[in-house]
Amino acid sequence: MYRKRSPREFEKTMLPHIDAAYRLAMWLLGHSPDAEDAVQDSFVRAFRAFDGWKGVNAKGWLLKIVRNTCMTQLGKRSRNANVIHLDTVSGDHDGIGFSDACVDKMPLAEDVLIAADRQARLWAAVNSLPTDSIIVLILREFEDQSYKQISEIVGIPIGTVMSRLSRARQQLRARFLAQGKEGKNHEM
Amino acid sequence: MKCEKALGLLGPRLDGELSVNRERSLEEHLSSCAECRHSLAELADLRDALRMLPRISAPERLHQKIYAGFQAEAARARVHPIRHLLHPLVTHAGALAIGVALALGIMFLPKTTDGRPESFLAAHVASLKNEQLTQILASDTHKVRPWFEGRVDYAPIVVDLVDDGYPLVGGRVDLIGRQKTAALVYKWNAHVINLFVTPTDEGEKFPVTEGTEKGFNYIGWRARGFRFFAITGASGNSLRAFSQALQARLHIPKPPASSAKRMKYQ
């Protein structure tokens, strides 16, 4: 069958979002080659599924694929982690396998060379949130997706987007303030 | 409205996701509740701080890899229609299939004999046989490109691919059909890759041609107003990698100016 949408169209609509795709993958998978692989993989998937794109919100459509790819990857990690964990229970107890399989997210903050301590702390606070919270927060604050768009990307009702986002902000606020203990200061 | 309910609406208000009615009743509550106003200010601060975090961009190599992968996928996608049509031609031999295939075949055929793989093959073989592989021996693109001035009636794109493992050796002018054509010579291990660069006004819709002729592998594509045709005695895979490396260097998409774009939403 012929493709409805041309590679040229893909180039124009999807390729400009490599950075956004990478950002989401980094937040979800941490600073690792996995994130790059996930983004590359997502673009191949996106290209093959491009005919199914309805022509609106290219970035959101792409980020949905990136999210799915990353979630699959996270699933694999936790399965691996479980296997290794059981092994270490019966064998040695150094736990290396387990921490290997877990997401090491902290180097991210160093990587972007954030000058301000406040920014570094905020960054770390976002990183410490549960994956569910990170996704909605990133899509909203960094990628300008509306509640409806987020609901399509993550595959949850709009009401759930609202409550997750609200919870994510509360968690973030609590953790951020707990780290800095400068809650009364409203200035940047 | 009670504070409990109002607090739940602060986020959606900042996000511009409240209905007119809800927003009105929230504003009413805020005008009389200093505590909720404080919470709103705090939430707004947090959001502003988040939005001011530096945006990380994907590393350049990832941009290049994705672009090269896209080119490869695009090449396959373009070649497919012909392949799909050839099958019914052989198996069913339906009149309609033949008609469609012929019509498409004519559409996809190169318009002049100059562009045929055979002409490039002949030039490739001649370049190896005559030991006149290069008329200018230089790996510097700034030497090779000007050398073509006055020798061909266009300025070919010359890209060095030494970092990708394909050092530029030099260039020469070949007569392809009746056109003087810029030929660039690259090395890959012991193999020579001849890259013919000719101007084209047919856009980039022309399908990627790829194949084997008398044991030589070739691949042709269009980009940036030129037709590229690479031919070599090396394997098809290494030639494809060569073409992908070249295409990645010909076109690296610019990262979007996300910070500038963001201003609109503030």
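Good morning. I begin with one pair of side chains: A:Asp144 and B:Arg51 form a salt bridge, with 3.7 Å from N to O. Please bear in mind throughout that the model is a predicted one. This pair belongs to the contact between the two chains, where the count is eight salt bridges. In addition, 14 residue pairs are found in polar contact across the interface of chain B and chain A, both partners being at pLDDT 80 or more.

Which elements of chain B each supply at least two residues of the side that touches chain A? They are α1 (3-14), α3 (34-51), α4 (60-91) and α9 (258-262). Of these, α4(B) gives the largest share, with 14 residues. Sorted by class, the side of chain B that touches chain A holds 23 nonpolar residues, 14 charged residues and six polar ones.

Let me turn to the extent of the interface. Chain A contributes 44 residues to the contact, and chain B contributes 43. The size of an interface is often expressed as the accessible area lost when the parts come together. Here, about 4500 Å² is buried between chain B and chain A, and carbon and sulfur atoms account for 63% of that area.

Next, the confidence of chain A. The mean pLDDT of chain A is 79, and 74% of its residues score at least 70. Among the elements of this chain, helix α9 (residues 147-154) has the highest mean pLDDT, 95, whereas helix α5 (residues 96-101) has the lowest, 35. The pLDDT is below 50 over residues 84-107 of chain A, a stretch that nevertheless has 18 contacts in the model beyond near neighbours in sequence. Residues 182-188 of chain A also have a pLDDT below 50, and that stretch has twelve contacts beyond near neighbours in sequence.

Finally, I would like to draw attention to two backbone angles in chain B. B:Lys214 is not a glycine, yet its phi is positive, near 50°. B:Lys214 sits in the loop between β5 (209-213) and β6 (216-223) of chain B. Is B:Lys214 buried or exposed? With a relative accessible area of 74%, B:Lys214 counts as exposed, because that value is over 50%.

B:Arg224 likewise has a positive phi, about 50°, without being a glycine. B:Arg224 is found in the loop between β6 and β7 (226-232) of chain B. The relative accessible area of B:Arg224 is 47%, so this residue is classed as partly exposed.

That concludes my presentation. Thank you for your attention.

Technical notes:
Residues numbered from 1 in each chain as written. Chains lettered and ligands numbered in written order. Heavy atoms only, no water. pLDDT = per-residue confidence, 0-100. Helix = DSSP H or I, 4+ residues; strand = E, 2+ residues; numbered from the N terminus. Contact = heavy atoms within 4.5 Å. Buried area = accessible area lost by both parts, 1.4 Å probe. Salt bridge = Lys/Arg side-chain N within 4 Å of Asp/Glu carboxyl O. Polar contact = N/O pair within 3.5 Å; in protein donor to acceptor, adjacent residues only side chain to side chain. Nonpolar A, V, L, I, M, F, W, Y, C, P; charged D, E, K, R; others polar. Buried < 20%, exposed > 50% of the residue type's maximum accessible area, 1.4 Å probe, protein only.
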